[in-house]
Amino acid sequence: METTNLNNTLLALLLALKDSETPLSDTEQSDLSQAAEQLSVNPKAWEILIEPRLLAMLEANEPLNQRFQAAKSQLDNLGDTMPLNLLPSEAEVEQVAPKQKLQPTTRAIPQVSSSDLRSNEITNMAIRVMATPNPSETAKKLSRFEQFQQFLNQNLAQK
């Protein structure tokens, strides 16, 4: 599993949800919840099972897909210069998406390398947001995403 692709896809999805102006359908919310559960249980299924289903859901929702593609492009252009300090903290995610009894469990963050640490923090955040009853509204409540988006837009303007 390539962590850069995973991170960029999940962050682009969360940013697209944050900017979404129309509520998600029940099917879309269910798809996100299932993706969160699958990612929590078996993250190795990302490329084979989870990512294709998420991308299919996005393609069926044109406004959301446009936001996703724009954010994904910006993130891909960043390379390894992602400012993790601009991402929502665990405490902020806990505040807007408290763990529920039936919510998927987050993955432990191993003490191996900084890339693994980053990967699991982003994955855990995405799991928590996607598992909420209304992922769009939850993503909008993550105030640090606004700073992150400003950084992405400034970075894009400089290129």
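This passage looks at how two helices pack together and at a cavity lined by residues of both.

The structure is a predicted model. A good place to start is the pair α2 and α3, whose axes come within 10 Å and cross at roughly 165 degrees. Because an angle over 145 degrees counts as roughly antiparallel, α2 is roughly antiparallel to α3. The crossing of these two helices is left-handed.

Turning to the residues involved, α2 contributes Glu28, Asp31, Leu32, Gln34, Ala35, Gln38 and Leu39 to the contact. From α3, the partners are Trp46, Leu49, Ile50, Arg53, Leu54 and Met57. Sorted by class, the contact of α2 with α3 comprises eight nonpolar, two polar and three charged residues.

The model also holds enclosed empty space. Two cavities of 30 Å³ or more are counted, and the second largest has a volume of about 30 Å³. Helices α2 (26-41) and α3 (46-59) are the elements that each give two or more residues to the lining of this second largest cavity. Its lining consists of Asp31, Gln34, Ala35, Gln38, Leu49, Ile50, Arg53 and Leu54. By class, these lining residues divide into four nonpolar, two polar and two charged.

Reading the two descriptions side by side helps to place the cavity. Asp31, Gln34, Ala35 and Gln38 of α2 appear both in the helix contact and in the lining of the second largest cavity. The α3 residues Leu49, Ile50, Arg53 and Leu54 likewise take part in the contact and line that cavity.

How values were computed. Residues numbered from 1 in each chain as written. Predicted model: local features only at pLDDT ≥ 70, side-chain atom pairs only at ≥ 80, totals over all residues. Heavy atoms only, no water. 1 Å grid on protein atoms, 1.4 Å probe; cavity = no way out; pocket = protein on both sides within 12 Å on 5 of 7 lines; lining within 4 Å. Points joined across faces, edges and corners; volume = space filled by probe spheres on them. Helix = DSSP H or I, 4+ residues; strand = E, 2+ residues; numbered from the N terminus. Nonpolar A, V, L, I, M, F, W, Y, C, P; charged D, E, K, R; others polar. Axes fitted to C-alpha atoms, helices over the stretch in contact; angles between N-to-C directions. Parallel < 35°, antiparallel > 145°, perpendicular 65-115°, else oblique. Left-handed = near helix turned anticlockwise from the far one by under 90°. Contact = heavy atoms within 4.5 Å.
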